[in-house]
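Visitor: I'm new to reading structures, and I'd like a close look at one small part of this one. Could you walk me through it slowly?

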Amino acid sequence: DNKDFILILHPSARNLYPNATNFDYNKLNTKLFSLINPKIKKINITKDLLEINKINKQTFFHKFDGHYNINGYKVVSDIINEELKKLDFKPWFFTIF
């Protein structure tokens, strides 16, 4: 039907701070990606957030849960935008007919 499916894997705080849990969720995500059909386009936000966090310590999640805070939503939306550009993705609502 001339449509693209892009899987966007969002992390939670436990992905960025694996030492705070007894389980490495990043390994689980890597396994998940390895099982998905290689033809499916994927965006893994975790790696970008980890890199940003190494450069300058930022808080992306609320203090008491694994959901994004305002800064997290901003950074993640910027990451998704850049990754979609790399995939040469043109959303239908931006397409001029």
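Visitor: In which loop does Ser 12 lie?

Guide: Before we zoom in, keep in mind that this is a predicted model. Ser 12 sits in the loop between β1, which covers 6-9, and α1. Its relative accessible area is 17%, and buried means under 20%, so Ser 12 counts as buried. Setting aside residues up to four places away in sequence, Ser 12 touches Phe 61 and Gly 66.

Now let's step back and see where that loop belongs. The protein chain has four helices and two strands. If you read along the sequence, you meet them in the pattern β-α-α-β-α-α. Of the 97 residues in the protein chain, 30% are buried. Take the contacts between residues at least 6 apart in sequence: 60% of them join residues at least 24 apart.

One of the residues touching Ser 12 is Phe 61, and Phe 61 leads us to the core. The largest nonpolar core has 14 residues. Those with the most contacts inside this core are Ile 45, Leu 49, Phe 60, Phe 61, Tyr 68 and Val 76. Helices α1 (13-16), α3 and α4 each supply at least two residues of the core, and α4 gives the most, with five.

Tyr 68 is a good one to click on. Not counting residues up to four places away in sequence, Tyr 68 touches His 10, Pro 11, Ile 45, Leu 49, Phe 60, Phe 61, His 62, Tyr 73 and Val 76.

Next, look at how two of those helices meet. Helix α3 runs over residues 45-55 and helix α4 over residues 70-86. They pack at an angle of about 120°, with their axes 10 Å apart. That makes α3 and α4 oblique to each other, and α3 passes α4 in a right-handed crossing. On the α3 side, the residues that meet α4 are Ile 45, Lys 47, Asp 48, Leu 49 and Ile 52. Their partners in α4 are Val 75, Val 76, Ile 79, Ile 80 and Glu 83. Sorted by class, this contact of α3 with α4 has seven nonpolar and three charged residues, and no polar ones.

The loop between α3 and α4 holds Phe 64. At 77% relative accessibility, Phe 64 counts as exposed. Try tracing from Phe 64 to Ala 13: they are 51 residues apart in sequence, yet 9.8 Å apart in space, C-alpha to C-alpha.

Let's move over to helix α2, residues 25-35, where you'll find Asn 29. Asn 29 counts as buried, at 12% relative accessibility. Leaving aside neighbours within four places in sequence, Asn 29 is in contact with Leu 9, Asn 15 and Thr 46. Asn 29 and Asn 15 are 14 residues apart in sequence and 9.1 Å apart in space, again C-alpha to C-alpha.

Last stop: Lys 42, in strand β2, which spans residues 41-44. Lys 42 is partly exposed, with a relative accessible area of 24%. Lys 42 touches Leu 7, Phe 33, Ile 36 and Asn 37, once residues up to four places away in sequence are left out. Lys 42 and Leu 9 are 33 residues apart in sequence and 7.6 Å apart in space, C-alpha to C-alpha.

To come back to where you started: Ser 12 is buried, in the loop between β1 and α1, and touches Phe 61, one of the residues with the most contacts inside the largest nonpolar core.

Technical notes
Residues numbered from 1 in each chain as written. Predicted model: local features only at pLDDT ≥ 70, side-chain atom pairs only at ≥ 80, totals over all residues. Heavy atoms only, no water. Axes fitted to C-alpha atoms, helices over the stretch in contact; angles between N-to-C directions. Parallel < 35°, antiparallel > 145°, perpendicular 65-115°, else oblique. Left-handed = near helix turned anticlockwise from the far one by under 90°. Contact = heavy atoms within 4.5 Å. Nonpolar A, V, L, I, M, F, W, Y, C, P; charged D, E, K, R; others polar. Core = buried A, V, L, I, M, F, W, Y, C linked by side-chain atoms within 4.5 Å. Buried < 20%, exposed > 50% of the residue type's maximum accessible area, 1.4 Å probe, protein only.
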